[in-house]
Amino acid sequence: MNEDITDVIEEVLISEDEIKSRIAEMAEEIGRDYHGKDLCVLSVLSGSFIFAADMVRALKIPVKVSFIFASSYGAGTESSGKVDIIKGKGFDPKGLDILILEDIVDTGRTLTAIKKLLLEEGAKSVEICTFLDKPERRVVDLHPKYVGFVIPNKFVAGYGLDYEYRYRQFPFVGILKPEMYEQRGSCVEEGN
């Protein structure tokens with residue numbers, strides 16, 4: 001299928017330049033907060049891979065980098081409520097200050113489960129840095145320490161975020177046209 005960006009995106013919500021600027025600001029803040037600490041940046045796959053790569057390069061402090069796969073909804077747009085977590089081989093959180101990098105926080109279920117697991121396994125501290133935040137969708141008491149952008153309750157794609165594993169490559173965040181998910185019979189709900 002040969003789709004043009006204008007075929008799937010209703011409007012650009014956050015531009016590429018806005019993203020670059022905000023990541024630089026967040027990296028400065030994180031660098032100040034974690035100066036002299038043994039920081040491990042933990043990227044939640046798959047959606048955060050672009051954000052994590054840009055954030056790690058923007059940090060001016062030494063960091064360990066690892067990955068975790070967590071999912072609560074698979075190929076659709078509605079959360080199953082069940083969180084599956086797979087840690088990277090050899091990753092041990094014991095004694096580390098961990099900063100979880102996530103693409104989007106809405107319900108908060110996924111990150112609550114990850115944070116709980118890491119603390120149970122001996123992490124010294126666990127904080128959350130999210131690229132996007134949808135606080136109006138929160139169903140658990142979760143407050144990320146670092147937030148790139150607060151967005152409205154719209155289905156978005158681009159900059160690592162997908163719909164049915166597509167559109168992650170857009171260098172911006174755009175609001176997906178409703179007909180893109182309505183024609184497939186999906187709900188417009190995400191579930192992190």
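**Figure 1. Lys 116 and Glu 120 in helix H4 of the predicted model.** Lys 116 and Glu 120 lie four residues apart in helix H4, so about one helical turn separates them. Their side chains meet in a salt bridge, with a distance of 3.0 Å from N to O. Both Lys 116 and Glu 120 are exposed. A search of the whole structure finds eight salt bridges, and further examples appear in Figures 2 and 3.

**Figure 2. The salt bridge between Glu 16 and Lys 20 in helix H2.** Helix H2 comprises residues 16-33 and contains both partners. Glu 16 and Lys 20 are four residues apart, about one turn of the helix. In their salt bridge, the closest N and O atoms are 3.7 Å apart. Glu 16 is partly exposed, having a relative accessible area of 36%. Lys 20, in turn, is exposed, with a relative accessible area of 53%.

**Figure 3. The salt bridge between Arg 22 and Glu 25.** These two residues also belong to helix H2; they are three residues apart, and about one helical turn therefore separates them. The closest N and O atoms of the pair are 3.1 Å apart. For Glu 25 the relative accessible area is 43%, and this residue is partly exposed.

**Figure 4. The open sheet and its edge strands.** Six strands form this sheet, in the order S4-S3-S2-S5-S6-S7, with mixed pairing. Strand S4 (84-87) and strand S7 (146-150) stand at the edges. Each edge strand has a single partner strand, so one side of each is left without a neighbour in the sheet. On average, neighbouring strands of the sheet are turned by 25° against each other, direction ignored.

**Figure 5. Helix H4 packed on the sheet.** Helix H4 spans residues 109-120 and touches S2, S3 and S4, together with strand S5 (97-105) and strand S6 (125-133). The direction of helix H4 makes about 170° with that of S5. The salt bridge between Lys 116 and Glu 120, shown in Figure 1, lies within this helix.

**Figure 6. Strand S2 and its pairing with S3 and S5.** Strand S2 (residues 39-45) pairs with strand S3 (residues 64-71) in the parallel sense over six bridges. Within this pairing, Val 44 stands opposite Ile 68 in S3, and Leu 45 stands opposite Phe 69 in S3. S2 and S5 also run parallel and are joined by five bridges. Here Leu 39 of S2 stands opposite Asp 97 in S5. Six of the seven residues of S2 are buried, and the strand is therefore largely enclosed by the rest of the structure.

**Figure 7. The β-α-β unit built from S2, helix H3 and S3.** Helix H3 consists of residues 49-58. Together with S2 and S3, helix H3 makes a β-α-β unit that is right-handed. The two strands of the unit are the parallel pair of Figure 6.

**Figure 8. The protein chain as the setting of the close-up views.** The protein chain contains five helices and nine strands. From the N terminus on, its elements run α-β-α-β-α-β-β-β-α-β-β-β-β-α. Of its 192 residues, 46% count as buried. The chain exposes about 9300 Å², and carbon and sulfur atoms supply 50% of this area. Among contacts with a separation of 6 or more, residues 24 or more positions apart account for 71%.

Conventions: Residues are numbered from 1 along each chain as its sequence is written. This is a predicted model: local features need pLDDT of at least 70, side-chain atom pairs count only at pLDDT 80 or more; totals for chains, interfaces and linings use all residues. Side-chain values use heavy atoms; hydrogens and water are left out. Two strands pair if DSSP finds at least two bridges between them. Axes are lines fitted to C-alpha atoms, for helices over the stretch in contact, and angles run from 0 to 180 degrees between N-to-C directions. Contact means heavy atoms within 4.5 Å. Buried means under 20% relative accessible area, exposed over 50%, partly exposed in between (1.4 Å probe, protein chains only). Accessible areas come from the Shrake-Rupley method with a 1.4 Å probe; for residues, only the protein chains shown count as cover. A crossover is right-handed if, with the strands pointing away from the viewer, the path from the first strand over the helix to the second runs clockwise. A salt bridge is a side-chain nitrogen of Lys or Arg within 4 Å of a carboxyl oxygen of Asp or Glu.
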